[in-house]
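Me: I would like to learn how to read the packing and the empty spaces of a protein model with some care. Could you take me through one case, feature by feature?

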Amino acid sequence: MSKPLKFMQSNASNPKLWILIGVSVAGIVIYAETRRRRNGKVLQREDFGAFVHRFELKPFPQPPPPAARLPLTGLTFAVKDVFDVKDYVTGFGNPDWKRTHDVAEKTDGVVTLLLMNGAACVGKTIMDELGFGITGENKQYGTPTNPKIPSFVCGGSSSGSAVAVAGELVDFALGTDTVGCIRISASFCGIFAFRPSHGVVPMNRVLSNSPSLDTVGWFARDPSVLHRVGHVLLKLNSVEPRRMRRLVFADDLFQLSKVPLQKTVHVVKKAIENLSGYQSPKHMNFGQYLVSKIPSLKEFLQQPPNSQKGISIFKALSSVMILLQRCEFKINHEEWIKSVKPKLGSNVSEDVLAAIKTSYDDMKTLYKVRTETRLALQSLLKDDGILVIPTTADPPPKLSTKKGISSEFRDRIFALSSISSVSGCCEVVVPLGRQDDCPISISLLTFHGADKFLLDTVVDIFSALQEQVSIASNSLSPFADTNGDMDASELLKEKGNAAFKGRQWNKAVNYYTEAIKLNGTNATYYCNRAAAYLELGCFQQAEDDCSKAILLDKKNVKAYLRRGTARESLLLYQEAIKDFKHALVLEPQNKVANLAEKRLRKLIS
């Protein structure tokens, strides 16, 4: 008999032994259950893990009658941990920063202004370290839980503020936006957010990541609260003559989005149909417009195929945004980084290291791009225009993805966020329901200084948007193909081919579409229509058509090549490489596929 068994047999009547065994077993069970839950569903933490400090700053007293009540009376708010609050260290999302800095001597003026207008502050929120990062993950203080989809990231860097609002812990919250830090969080959490025109809200006692890009912004669940906070912070007049509104849809940017147009563009267009004061909406290729309006961007442009020039302008613009962020962060914080050597999460560490190593000297060119971009928006939108774009291109990534977010994900999200960041124009994020259980949204942008015009628009349009979101959610159904006469469909295909050769791309699309209606099982019709869509710059439609063609014919080399081209244009480089590799498996000597795969591998590396 083994020694442990002999020991237990000889002490079987000892109650202390059984208590010890019971405690040990219970500990093992609890540990196993904790591991199981962590590996399965995300544990729901108190307050969704949104706060780094809880406290209460009471609002200023109400004025005596007959004066009106303060406009934010009864509302609570939280602030991102970049705002100074008296007697607290402003932590910048990092313990080493907090350790090496003193408590604030005064409370930031923006926070004070909100208190003066009747709101109560209940705490400081977690953020991505040093303002870097767009996922909301913080390895030091913990990552806030997205209340809408707990197993997915909440977005950053203003993560805790977005979560506090989405989780109904406060009525509104302050954040800052540099490269999308408020807008991305709002989109992933399904709430409203406002990034005001650059410089209109003071940042006197607010820690800065990049002064040329940073703005104070705010989140809310209700458009009226968003509007009330805006009137206080922007010090707006209550009454202003009503203006006509002209919505402009950036069709090329909606090509980047994976959400069906019926849930975004169609919803907005239907919402304004019966509203007074709205002109007929316009559609445009926004990238091609910017190419002609921002000459200083030429040195940042890569040389893509002709069909991708419009999309490449946004990658160039986002390159300027990131370069400007890195240069200004280095100017402001290099000395602290080198002397303290702070412990940082791996994702943030890479960004900080890249910033400190940046050696770009021509800052004037970056500022010139910023000026030209602002003027381009002003010229397009004048005094009545509002640009409509997707807020984000992709759904939020899952929490704690081992590989982190891909370069494609960053490219696509920064292509959208760079427009307001670089131009300094104002932007509002408007939630539009869900797609595949994830929140979706659109952004409305207008020219610098038109903040009230944009806030008023959101209040004006939102009830109609809600109605259309409900209709779209209930009626969305997949397109049903109809089998028809084979000879007629072939004739339509030949007409489409003739139109394509004559460079009449829209006409070709129409003929191929009619052929598909008669015979929806022919892979060639979808593949040919995809070619026409590529020429029109309709990359999402081209990708969809190629996918249908491949389902019908798994050896269709042209479908793989065209889908690869479409995906490259949508900045989905890894998926594009797979398509070109598949084409090479089917045709090992295919030069187009071979060159495309090499080009993309070089681009990614």
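Reply: What follows goes from confidence and overall make-up to the cores, then to the cavities and the largest pocket.

Me: How many residues does the protein chain have, and what mean pLDDT goes with it?

Reply: This is a predicted model, so confidence is the place to begin, since pLDDT is the predictor's confidence in each residue. The mean pLDDT of the protein chain is 89, with 89% of its residues at 70 or more. Over residues 29–43 the pLDDT is below 50, and this stretch has eight contacts in the model beyond near neighbours in sequence. Residues 476–486 also have a pLDDT below 50, and for that stretch the corresponding number of contacts is 20. The chain has 605 residues, of which 55% count as buried, and it holds 22 helices and 11 strands.

Me: Which share of the contacts joins residues at least 24 apart in sequence?

Reply: Taking the contacts in the protein chain between residues at least 6 apart in sequence, 74% join residues at least 24 apart.

Me: How should I read a nonpolar core, and which residues have the most contacts inside the largest one?

Reply: In soluble globular proteins, nonpolar side chains tend to be buried together. In this model the largest nonpolar core has 159 residues, and those with the most contacts inside it are Leu130, Phe172, Leu174, Phe286 and Leu387. Helix 11 supplies the largest share of this core, 14 residues. Apart from that core lies another, of 20 residues, including Val122, Ala173, Ala186 and Ala193.

Me: What does Leu130 touch, leaving aside residues up to four places away in sequence?

Reply: With those residues not counted, the partners of Leu130 are Phe92, Asn94, Trp97, Asn209, Phe329, Trp336, Ile337, Leu344 and Val352.

Me: How is empty space found, and how many cavities of 30 Å³ or more does the structure hold?

Reply: Rolling a probe the size of a water molecule over the atoms shows where empty space is left. The structure holds three cavities of 30 Å³ or more, and the largest has a volume of about 110 Å³. Its lining consists of Gly131, Phe132, Gly133, Ile134, Val179, Ile322, Gln325, Arg326, Asp351, Arg410 and Phe414. Helix 11 (309–340) and helix 14 (407–423) each supply at least two residues of that lining, and helix 11 gives the most, with three residues. By residue class, the lining of the largest cavity divides into five nonpolar, three polar and three charged.

Me: Which residues lie nearest the centre of the second largest cavity?

Reply: Among the 15 residues that line the second largest cavity, Lys80, Gly131, Thr176, Thr178 and Asn209 lie nearest its centre. The volume of this second largest cavity is about 70 Å³, and its lining divides into seven nonpolar, six polar and two charged residues. Gly131 is also in the lining of the largest cavity.

Me: What is the volume of the largest pocket, and which elements give two or more residues to its lining?

Reply: The largest pocket has a volume of about 1,200 Å³. Of the 50 residues that line the largest pocket, the closest to its centre are Ile405, Ser407, Arg410, Asp411 and Phe414. Helix 11, helix 12 (346–357), helix 14 and helix 22 (591–604) are the elements that give two or more residues to this lining, with the largest share, nine residues, coming from helix 11. The lining of the largest pocket divides into 20 nonpolar, 15 polar and 15 charged residues. Arg410 and Phe414 also line the largest cavity.

Note on methods:
Residues numbered from 1 in each chain as written. Predicted model: local features only at pLDDT ≥ 70, side-chain atom pairs only at ≥ 80, totals over all residues. Heavy atoms only, no water. 1 Å grid on protein atoms, 1.4 Å probe; cavity = no way out; pocket = protein on both sides within 12 Å on 5 of 7 lines; lining within 4 Å. Points joined across faces, edges and corners; volume = space filled by probe spheres on them. Helix = DSSP H or I, 4+ residues; strand = E, 2+ residues; numbered from the N terminus. Nonpolar A, V, L, I, M, F, W, Y, C, P; charged D, E, K, R; others polar. pLDDT = per-residue confidence, 0-100. Contact = heavy atoms within 4.5 Å. Core = buried A, V, L, I, M, F, W, Y, C linked by side-chain atoms within 4.5 Å. Buried < 20%, exposed > 50% of the residue type's maximum accessible area, 1.4 Å probe, protein only.
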